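Visitor: I would like to learn how to read features from a structure file. Could you take me through one, step by step?

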Protein chains: 2
Amino acid sequence: MLRLLFALLALALVSLRGAPEKLPTPPASVEQWGLFEIALAGPAEGNPFVDVRLDAVFDNGSQQVKVAGFYDGDGIYRIRFMPTTQGKWRYRTEANRWPLTGKMGEFTATAPGPGNHGPVRVHNRFHFAYADGKPYRQVGTTIYNWIDTPDTVQEETLRTLAASPFNKARMLLTQQPTPYRKEFAPPRWPYVGQPPHAWDYTRFNPAFFQHYETRLAQLRDLGIEADIILFNPYGQFGFESLDAAADERFVRYVVARFGAFRNVWWSLANEYDFLRTKTEADWDQIGRTVAAADPYGHLLSIHNGHLLFDHRQPWVTHASVQDGQALETVGAARIYRDAFRKPVVFDEIKYEGDAKFRWADLDGFGMVHRFWVATLSGTYAGHGDYFNTVDEDTWTSFGGKISGQSVPRLAFLRQLMEAGPAGGIEPIDSWMDPGMAGQMGSYYLHYFGRQAPTTWTFQLYRDELVEGARFRVEVIDVWDMTITPVEGEFVLKRKDRYHFIDAQSRAVALPGKPGIALRIQRIDTPTAKTPGKAATEDI
Amino acid sequence: MLRLLFALLALALVSLRGAPEKLPTPPASVEQWGLFEIALAGPAEGNPFVDVRLDAVFDNGSQQVKVAGFYDGDGIYRIRFMPTTQGKWRYRTEANRWPLTGKMGEFTATAPGPGNHGPVRVHNRFHFAYADGKPYRQVGTTIYNWIDTPDTVQEETLRTLAASPFNKARMLLTQQPTPYRKEFAPPRWPYVGQPPHAWDYTRFNPAFFQHYETRLAQLRDLGIEADIILFNPYGQFGFESLDAAADERFVRYVVARFGAFRNVWWSLANEYDFLRTKTEADWDQIGRTVAAADPYGHLLSIHNGHLLFDHRQPWVTHASVQDGQALETVGAARIYRDAFRKPVVFDEIKYEGDAKFRWADLDGFGMVHRFWVATLSGTYAGHGDYFNTVDEDTWTSFGGKISGQSVPRLAFLRQLMEAGPAGGIEPIDSWMDPGMAGQMGSYYLHYFGRQAPTTWTFQLYRDELVEGARFRVEVIDVWDMTITPVEGEFVLKRKDRYHFIDAQSRAVALPGKPGIALRIQRIDTPTAKTPGKAATEDI
């Protein structure tokens, strides 16, 4: 009965508004990896969300891409497309309604503008790069529900992000319970209906998605990837308990709307295993649905509570892991790489905070330390900030300001990562010396973690090295953000079966405090490729 | 031409020997999980290994088990069967040769004798138990090539094993290069042919397998599981380079011969990725072949060099892992469990030794420490012993004597494991306090590893506990093998959101040396099941 009432109400609204009078002409050009959009007038009667099928095929002469359109309310239908190559594209629509079918047109995809490097892809198996080849060194943060806060808070959140090192924001799509639910009820919900629980799951609320898209575009323009969490166990508004058909309708609608934003990543769920209405088979089905619906192959993951997901599933592009303990000491995190053979992003490593919850009580150094361990492990990490406030109104829950001390240190780390080897930081001798990583033969990072040594005898693992190779060394203070060159150079000589040391057996003096790293870079040019030994059985 | 010559030679040998005169009658009874064998006379001409198909169906009225027979030379064919239930079994043979087909009979499977607990199975997801339910706490050792040494060495190896705590021996099926290859060439090879490289891969050498079986039976009678490594990259005698058909013939022959030994485990390969003639798809095919050919479902695994195998494959019963680093600190090893959701056996964790190789330079404490870390991680480990000898004639290569110091300490650990909870040692609060494991609510092991604290404030993670619960504590010295009770008892009171401590805030005095553990056992009887909290999101 309630559903019928909603349907009638919705119908009444549409009828009152009537058909749109004038729709914009699609642009003649758009940047490569920009967002091209067609708006079409079509039927507003019935339930356009389920009755109308609309898509378009885009063709650049060598590639055809089929994308789904979507209903945006008020009798308006849209088709969005992200051109992945430059040059002319033609399109033609197909629909099960006459006003929408057979529409044709063309546009030119131009060179990308400054700051547009395309979507992020998996690169070099365990790392990421933008589509244009520029390495992407993920430094994420978590702002679950910032989109449902008052506008002033959202604007503040954007300013905080703009001044931060974060190039990924992990955010919920649908609501979690919030203090704003009482004082400022979320102004927009994803479905038509009556908050908090009476929804018509066959009718989306375009205003909700339009607002979300405004924020997606702003993040994009800040160079921030949006890791959009499609389902969450927190809200309990009903969106976590849809049946399989409604789940599919939901993710198809979201992919049709958001897929042409180049900065979108899909995260099926936060703490998927706490969402007890779905089985792993359900998640696998949803994951395959998203992968099939998304013509661009945006990054796609799922994040665990207690039960690690099987990230070997082919639709999973990278392992999104909750496990802060794995980043307490270098050595554990690379096991996730070995097991899944995909990039590993530790999206939850405990939050920096002083909260009563122990998953939010890292001090600033602890957060920075875990990011460094992630880096040395050839993996990536995600930040959170959770200081005691009224109603847990924290950065990580709702955005706003960041209270913790880690942010500038993460900016410093990101600079170092971006100045590092293009192939990413890789484990080098992880069964024996996990604290050393980089690219064998040319670039080494050594991180001492919570230890506080006062000296380190220069030593490198043998592979890709020869006697006489020359290196410079810098001492890095990860907290004070200093890089101090060590005087002179280090020239290799054989120490034993496994290692090279400096010809003068030089050591490096260290400040005797936690959070010290070394950057060791080759300064001579290797004359010939040294035969690798990593693949022998003498390991 | 060479193959033809072998064929003719083999034919000549068979013809000279002629058909067997009298074959034993199958026994009227055999123990449950014992080995029932039928011997049949059949054709010796042609190539019986490939020409003759023979199998039998065993039927106990409710279960039919089809097992393959095999040719054992001299015109004798055998079918072996391990009854998995007690009572009457009937059988009937089928073959593509008249003398072998339609043979019928019956026998009774009686109660198992002392020491016969059946084959080892996966139990409680991450652990093992014998078929009769007795927990099996794996304490493995490695004796790769002991079967090809002189008989005196083999006998010494058996005596060493009998006096050891080891309940699993990891051993190659085919030869690796050995000092014995020069001074004592292996007396038996798996194929007919001319060592070291001229083999007829269509003809097995029954004498080789008969000898191997003698040793398998001796291990069985010592209570030792034989983890048989079907392929290895070391020998380079050609057995590692068979084509797919020859691989299949080989593993089917081995499974037909050895499968009825209850103490058999199958390990497809040691360091599979160093065996460069096979792809991962090949291993997957071989793994599926073994699983399909083995009617008993013996444990089946594959062991890695650098490249971790995908142990999620359905035919893999447990992850057999080389990674000693993961056992240096508690916290890393359980990631393998999380990723694969199967028992994890660290079959190679470096060997105890003073060898020039760094994979064989653990001191005794290092070996014992890694076994303890494995235990605290809810996983299992394997021992090796590799002290400098002429031609690397070490325990782990060829058996004989063990030189290291870890063995009695591993016996001590095994006793503790066997006195522990039936469900096995499980991680308890692994994201926060990985050094504590056991069974929540009743049994806790706490291991301090290489740290040397002088005191520990009694504290347990909240789940499955209530105020007033009472515990006794013992201090364990893992090296000196002592268990020292702490006076009095510990009575729980709430400390905070996450922990209980002792009502008097008692601490435990510790000896301030590495290698100390605590055993903490509940002494009151819980009155009612305490609701678990592990599955909440407040983690």
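Guide: We will go through the copies, the sheets, some backbone angles and one histidine. Keep in mind that this is a predicted model.

Visitor: Let's start with the two chains. How are two copies of a chain related in general?

Guide: Two copies are related by a rotation about an axis and a shift along it. Here, a turn of 180 degrees and a shift of 0.0 Å along the axis lay chain B on chain A, with an RMSD of 0.0 Å. That relation is a two-fold axis.

Visitor: Which C-alpha of chain B is nearest the axis?

Guide: That of B:A332, at 2.3 Å from the axis.

Visitor: Through which surface do the copies meet?

Guide: Through the same surface, because 100% of the interface residues of chain B are also interface residues in chain A.

Visitor: Now sheets. How do strands pair?

Guide: Strands of a sheet pair through backbone hydrogen bonds, either parallel or antiparallel. Take the open sheet of seven strands in chain B. Its order is β1-β7-β6-β3-β4-β5-β2, and the pairing is mixed.

Visitor: Which strands stand at the edges of that sheet?

Guide: In chain B, β1 (29-31) and β2 (36-41) do. Each has a single partner strand, so one side of each is left without a neighbour in the sheet.

Visitor: By how many degrees are neighbouring strands of this sheet turned against each other on average?

Guide: By 30 degrees, with direction ignored.

Visitor: How do I read the register of a strand pair?

Guide: Look at the bridges and pick a partner pair. In chain B, three bridges join β1(B) to β7 (residues 104-110), and these strands run parallel. The bridge partner of B:S29 in β7(B) is B:T108.

Visitor: What joins β1 and β7 in chain A?

Guide: Three bridges, between β1 (residues 29-31) and β7 (residues 104-110) of chain A, and the strands run parallel. One bridge pair sets A:E31 against A:T110 in β7(A).

Visitor: How many bridges join β6 of chain A to β7(A)?

Guide: Six. Strand β6 covers residues 87-95 of chain A, and the two strands run antiparallel. Opposite A:K88 in β7(A) stands A:T108.

Visitor: What about side chains along a strand?

Guide: In a regular strand they alternate between the two faces of the sheet. Helices can also pack on strands. In chain B, helix α6 (residues 244-258) lies across β4 (64-71) and β5 (76-81). Helix α6 runs at about 110 degrees to β4(B).

Visitor: What is the order of the three-stranded open sheet in chain B?

Guide: β8-β9-β10, with antiparallel pairing. The edges are β8 and β10 (135-136) of chain B. Each has a single partner strand, so one side of each lacks a neighbour in the sheet. Four bridges join β8(B) to β9(B). B:V120 stands opposite B:Y130 in β9(B).

Visitor: On to backbone angles. Which residues of chain B should I look at for positive phi?

Guide: Try B:R125, which is not a glycine but has a positive phi of about 65 degrees. B:R125 sits in the loop between β8 (120-123) and β9 (127-130) of chain B. Another non-glycine case is B:R341, with a positive phi of about 55 degrees. The place of B:R341 is the loop between α8 (334-340) and β19 (344-348) of chain B.

Visitor: Is B:R341 buried or exposed?

Guide: B:R341 is buried, because its relative accessible area is 17% and the cut-off for buried is under 20%. B:R125, at 48%, is partly exposed.

Visitor: And omega: where is a cis peptide bond in chain A?

Guide: From A:P195 to A:P196, with omega near 0 degrees. A:P196 lies in the loop between β13 (191-194) and β14 (198-204) of chain A. In chain B, a cis peptide bond joins B:P195 and B:P196, with omega about 0 degrees. B:P196 is in the loop between β13 (191-194) and β14 (198-204) of chain B.

Visitor: Last, the histidine. Why does A:H318 count as buried?

Guide: Because its relative accessibility is 0%. A:H318 is in the loop between β17 (300-301) and β18 (319-322) of chain A.

Visitor: What does A:H318 contact beyond its neighbours within four places in sequence?

Guide: The contacts include A:F128, A:W265, A:H311, A:K342 and A:V345. Look also at A:T317: a polar contact of 2.9 Å joins its side chain to that of A:H318.

Note on methods:
Residues are numbered from 1 along each chain as its sequence is written. Chains are lettered from A and ligands numbered from 1 in the order in which they are written. This is a predicted model: local features need pLDDT of at least 70, side-chain atom pairs count only at pLDDT 80 or more; totals for chains, interfaces and linings use all residues. Side-chain values use heavy atoms; hydrogens and water are left out. Two strands pair if DSSP finds at least two bridges between them. Buried means under 20% relative accessible area, exposed over 50%, partly exposed in between (1.4 Å probe, protein chains only). A polar contact is a pair of N or O atoms within 3.5 Å; within protein, one must be able to donate a hydrogen and the other to accept it, and residues adjacent in sequence count only if both atoms are side-chain atoms. Contact means heavy atoms within 4.5 Å. Copies are superposed by least squares on the C-alpha atoms of residues with pLDDT of at least 70 in both. Axes are lines fitted to C-alpha atoms, for helices over the stretch in contact, and angles run from 0 to 180 degrees between N-to-C directions.
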